[in-house]
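Reader: I would like to go through this model strand by strand and then residue by residue. Please show it before we start.

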Amino acid sequence: MRGAGLAGWLLAAACATSVGVWAVSLVAPGDVLTVAQVEEALVTASALPPPPPGVTLRAGGSFAYQEGSVTAACSGGRAVLLSWTPAQNHSVEDVERGPAATASVTFESADDRTATVTVRCPGPVASVVRGTDD
């Protein structure tokens, strides 16, 4: 009798383990990346995105601030924003993409603090002005 109880317990444990492994396989990522694969993905992701149609780029740069990041370029002496990404707990309030003498994006935090990143050429060169959204 005691052996039957132990066998039943072992069978239940094996079934539970099998179901658990199967369930985890459904939600876990399929492949684990190596350090080299992560570094390659980061290099690829940080490459400049393609310019807007009809724009020939001369120089580009990326600028990161606590409120967000901006990738910009110069085209014929005029600034162009290629991409912009707000930081966590921030949103994009306003964008002047260019090409123009200056291009800018304003990031806003959840508590209405703003940061306006303005890009000028040659360069591009970026500056940030922080304030509140009133």
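Author: S5 and S6 pair in the antiparallel sense over seven bridges. The model is a predicted one, and the questions below start from this pair.

Reader: Which residue of S6 is the bridge partner of Ser104?
Author: S5 runs over residues 102-109 and S6 over 113-120. The two strands are antiparallel. Within this pairing, Ser104 has as its bridge partner in S6 the residue Thr118.

Reader: How many residues lie between S5 and S6 in their hairpin, and which residue in the turn has a positive phi?
Author: The hairpin of S5 and S6 has three residues between the strands. Asp112 is placed in that loop and is not a glycine. Its relative accessible area is 39%, which lies between the limits of 20% and 50%, so Asp112 counts as partly exposed. The turn thus has three residues between its strands, and the one with a positive phi, of about 70 degrees, is Asp112.

Reader: Over how many bridges does S5 pair with S4?
Author: S4 covers residues 90-96 and is antiparallel to S5. One of the bridges joins His90 to Ser109 of S5. The number of bridges between S4 and S5 is six.

Reader: Where is the cis peptide bond that involves Pro99, and what is its omega?
Author: Pro99 is in the loop between S4 and S5. The hairpin of these strands has five residues between them, and Gly98 there takes a positive phi near 85 degrees. The cis bond joins Gly98 and Pro99, with an omega of about 5 degrees.

Reader: Which residues does the cis peptide bond in the loop between S6 and S7 join?
Author: The loop between S6 and S7 contains Pro124. Omega is about 5 degrees for the cis bond, which joins Gly123 and Pro124.

Reader: Is Asn89 buried or exposed?
Author: Asn89 is in the loop between S3 and S4. Its phi is near 70 degrees, a positive value in a residue other than glycine. The relative accessible area is 58%, and the cut-off is over 50%, so Asn89 is exposed.

Reader: How many of the residues of S5 are buried?
Author: Across the chain of 134 residues, 23% count as buried. S5, by contrast, is mostly covered. Of its eight residues, the number buried is seven.

Reader: Which strands each supply at least two residues of the largest nonpolar core?
Author: The largest nonpolar core has 13 residues. Those with the most contacts inside it are Val70, Ala72, Leu81, Val105, Val117 and Val119. The strands that each supply at least two of this core's residues are S2 (68-75), S3 (78-86), S5 and S6.

Reader: Which residues is Val70 in contact with, leaving aside its neighbours within four places in sequence?
Author: Val70 is one of the residues with the most contacts inside the core. Its partners include Gly61, Ser62 and Phe63. The others are Leu81, Ser83, Trp84, Val105, Phe107, Val117 and Val119.

Reader: How many residues apart are Glu67 and Arg130, and how close do their N and O atoms come?
Author: Glu67 is in the loop between S1 (59-65) and S2, and Arg130 is in S7 (residues 125-132). Glu67 is buried at 6% relative accessible area, whereas Arg130 is partly exposed at 47%. They are 63 residues apart, and the closest N and O atoms of their salt bridge are separated by 2.6 Å.

Reader: Which residue forms a salt bridge with Arg113?
Author: The structure holds two salt bridges. In the one made by Arg113, the closest N and O atoms are 3.1 Å apart. Arg113 is partly exposed at 44% relative accessible area, and its partner is also partly exposed, at 48%. That partner is Asp111.

Reader: Where in the chain is confidence lowest?
Author: The chain averages a pLDDT of 76, and 55% of the residues score at least 70. Over residues 44-48 the pLDDT is below 50, and this stretch has three contacts beyond near neighbours in sequence. Where pLDDT is low, the predicted coordinates should not be read in detail. S5 has the highest confidence, at 96, while the lowest, at a mean of 55, is in helix H1 (residues 2-27).

Methods: Residues numbered from 1 in each chain as written. Predicted model: local features only at pLDDT ≥ 70, side-chain atom pairs only at ≥ 80, totals over all residues. Heavy atoms only, no water. Core = buried A, V, L, I, M, F, W, Y, C linked by side-chain atoms within 4.5 Å. Buried < 20%, exposed > 50% of the residue type's maximum accessible area, 1.4 Å probe, protein only. Helix = DSSP H or I, 4+ residues; strand = E, 2+ residues; numbered from the N terminus. Contact = heavy atoms within 4.5 Å. pLDDT = per-residue confidence, 0-100. Salt bridge = Lys/Arg side-chain N within 4 Å of Asp/Glu carboxyl O. Pairing = 2+ DSSP bridges.
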